[in-house]
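Morning, everyone. I have a short tour for you today. Please bring the sequence and the structure up on your screens.

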Amino acid sequence: MKTLRIVHRNYSDFENALEDEARLFEESHPGVSVELISIGIHELYDAALKEGGLREGRYDLALLVTDWLAEGVATGSLEDLYPWQQTAPIVDWPHGWAASLVRPLLIDGRLSSLPWHDGPECLVYRKDLFADSRLRAGHRAGTGRDLAPPTTWAEFEETAHFLSDPREGRYGTIFAAFPDGHNTLYDFALQVWSRGGELFDKNGRPELTSTVTVQALDFYRRILGDSSLCHPQSPQLDSTQSGDVFLAGEVAMMVNWFGFAARSEREGSPLAGKVAIAPIPANPGHKPVSLSVFWAMAMGAGSKQKELAWEFLRFLAKPETDLGRTRHGTVGVRLSTWRDAGLQARIPAYANIEEISLGARQLPVGPKMAAFASVIDRILTRAITTADSTMRILEEAQHEIDRGEIRFV
């Protein structure tokens, strides 16, 4: 009996999808067992990369967020998949996937991994609230404009105020503000980009004290501090938890991952048929922007069963496997899945995912991404828990960046 060991995040949708895929693979490969190791996101980073689990062969495969891939390549933890693709190719690679899902995987001339679960970030909103005749009339009377998904951050704040009704247990919006090294960074990047700013100069040096960056942090801390429009649990919630709060009907709209719109259509969901997606708001004069951060399956450089691991990766990349993954709330990554008429009929939001992915940007790659994310975590935590000035917070963070020589190529 051969055993393939795969370590991944302990998120129910991931667990359910991978268990199904492992069972199907075992059925078609007699004598093979797939062992799934489900652990927390921080433990996953430590086990797979920091402690050498992939490099030393304790795991054959790992489900990794794209933020970690450059570090995995730099430390010799990830197998280059290009030679395997040349020997036993995956059908349609790379043209069967959106470019926003291919580019982040190509690092230093290597193919670091394959896409498994996608975002992208978008505005997820309760279309039933926006269609409510009473709310529409009230909004028109109070603002002089129709109630519609906001296209600017000023509209976002005003609409969140209007749709909040804490007495009914509903807030206008929610943010995933728990400092886990991920969503705080993503939210901050989106706030800066959507105002026409940049977080990095042309040499890859983070620049945190620009006028736009100050405006972005001022907005973020104001929204998070306003319990009349933002869910008060936001500082304690990561992205999956904030999505669960939205799916429980407690929030009118949020900037979060596409997957939560998909999950709203599952059997028994109180929001089935009530959720839609739209582009993320931007300041006037700037185009909407999204962020491409996703989960990819990587092969460990130290695996003793690389042929079997590659066979499993090829199985995961099949059109029928990718489409089947959507039954569990995870998001397919093939263009054929996104364009599937049956899937779009079941989950209408899939009709918009390809359009939103076209505007998706990537964060820069580099082995110091985790260190940079920690700095952003501290910035945003300090912003929502202290009265320190925005400029002081950002200047001190800039000094930390420069002392640590955090740079990106």
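**Salt bridges first**

Start with R205 and D402, whose side chains meet in a salt bridge at 3.1 Å, N to O. This is a predicted model, so read every value as computed from it. Where do R205 and D402 lie? R205 lies in the loop between helix 9 and helix 10, residues 211-224. D402 lies in helix 19, residues 390-403. The pair therefore ties together parts that are 197 residues apart in sequence. Buried or exposed? R205 counts as partly exposed, at 24% relative accessibility. D402 also counts as partly exposed, at 27%.

Next, R126 and D128. They form a salt bridge too, and their closest N and O atoms are 2.8 Å apart. R126 counts as buried, at 9% relative accessibility. The cut-off for buried is under 20%. D128, at 25%, counts as partly exposed.

Third pair: D388 and R392. Here the salt bridge is 4.0 Å, N to O. That value sits at the limit of the rule, which asks for a nitrogen within 4 Å of a carboxyl oxygen. D388 is partly exposed, with a relative accessible area of 23%. R392 is partly exposed as well, at 44%.

There is also a network. D13, D244, R263 and R266 are joined into one by salt bridges that share partners. How many salt bridges are there by this rule? The count comes to 31.

**Cysteines**

Now the cysteines. How many disulfides does the structure hold? Zero. Take C122: the nearest cysteine sulfur belongs to C230, and it is 18 Å away. From C230, the nearest cysteine sulfur is that of C122, again at 18 Å. A disulfide needs the two sulfur atoms within 2.5 Å, so this pair does not qualify. As for surroundings, C122 is buried, with a relative accessible area of 1%. C230 is buried too, also with 1%.

**Cavities**

On to the empty space. A search of the whole structure finds two cavities of 30 Å³ or more. The largest has a volume of about 290 Å³. Its lining has 23 residues, and the closest to the centre are R9, H117, S239, W257 and W295. Find those five on your screen.

Which helices supply at least two residues each to that lining? They are helix 1 (12-28), helix 9 (183-193), helix 11 (239-247) and helix 12 (258-263). Helix 12 gives the largest share, three residues. By class, this lining has ten nonpolar, eight polar and five charged residues.

The second largest cavity has a volume of about 50 Å³. What lines the second largest cavity? W97, L114, P115, W116, M297, L313, L316 and A317. By class, that makes eight nonpolar, no polar and no charged residues. Two elements supply at least two residues each: strand 6 (114-117) and helix 13 (306-316). Strand 6 gives the most, with three residues.

**A buried serine**

Stay around strand 6 for a moment. S112 is in the loop between strand 5 (110-111) and strand 6. Is S112 buried or exposed? S112 counts as buried, at 1% relative accessibility. What does its side chain meet? A polar atom of the S112 side chain lies 2.9 Å from the backbone oxygen of L105. The S112 side chain also makes a polar contact with the side chain of S113, at 3.2 Å.

**Both ends of helix 7**

Last stop: helix 7, residues 133-143. Which residue caps its N-terminal end? D132 does: a side-chain oxygen of D132 lies 3.0 Å from the backbone nitrogen of R134. Now go to the other end. Just after helix 7, G144 takes a positive phi of about 80 degrees.

**To recap**

Three things to take back to the bench. The R205 and D402 salt bridge ties together parts 197 residues apart in sequence. The structure holds zero disulfides. And the search finds two cavities of 30 Å³ or more, with helix 12 giving the largest share of the lining of the largest one and strand 6 giving the most to the lining of the second largest.

How values were computed. Residues are numbered from 1 along each chain as its sequence is written. This is a predicted model: local features need pLDDT of at least 70, side-chain atom pairs count only at pLDDT 80 or more; totals for chains, interfaces and linings use all residues. Side-chain values use heavy atoms; hydrogens and water are left out. On a 1 Å grid over the protein atoms alone, a cavity is a set of points where a 1.4 Å probe fits but cannot get out, and a pocket is an open set with protein on both sides within 12 Å along at least five of seven lines; lining residues have an atom within 4 Å of a point. Grid points are joined across faces, edges and corners, and a volume is the space filled by probe spheres set on the points. Helices (H or I, at least four residues) and strands (E, at least two) are DSSP runs, numbered from the N terminus. Ala, Val, Leu, Ile, Met, Phe, Trp, Tyr, Cys and Pro count as nonpolar, Asp, Glu, Lys and Arg as charged, and the others, Gly among them, as polar. A polar contact is a pair of N or O atoms within 3.5 Å; within protein, one must be able to donate a hydrogen and the other to accept it, and residues adjacent in sequence count only if both atoms are side-chain atoms. Buried means under 20% relative accessible area, exposed over 50%, partly exposed in between (1.4 Å probe, protein chains only).
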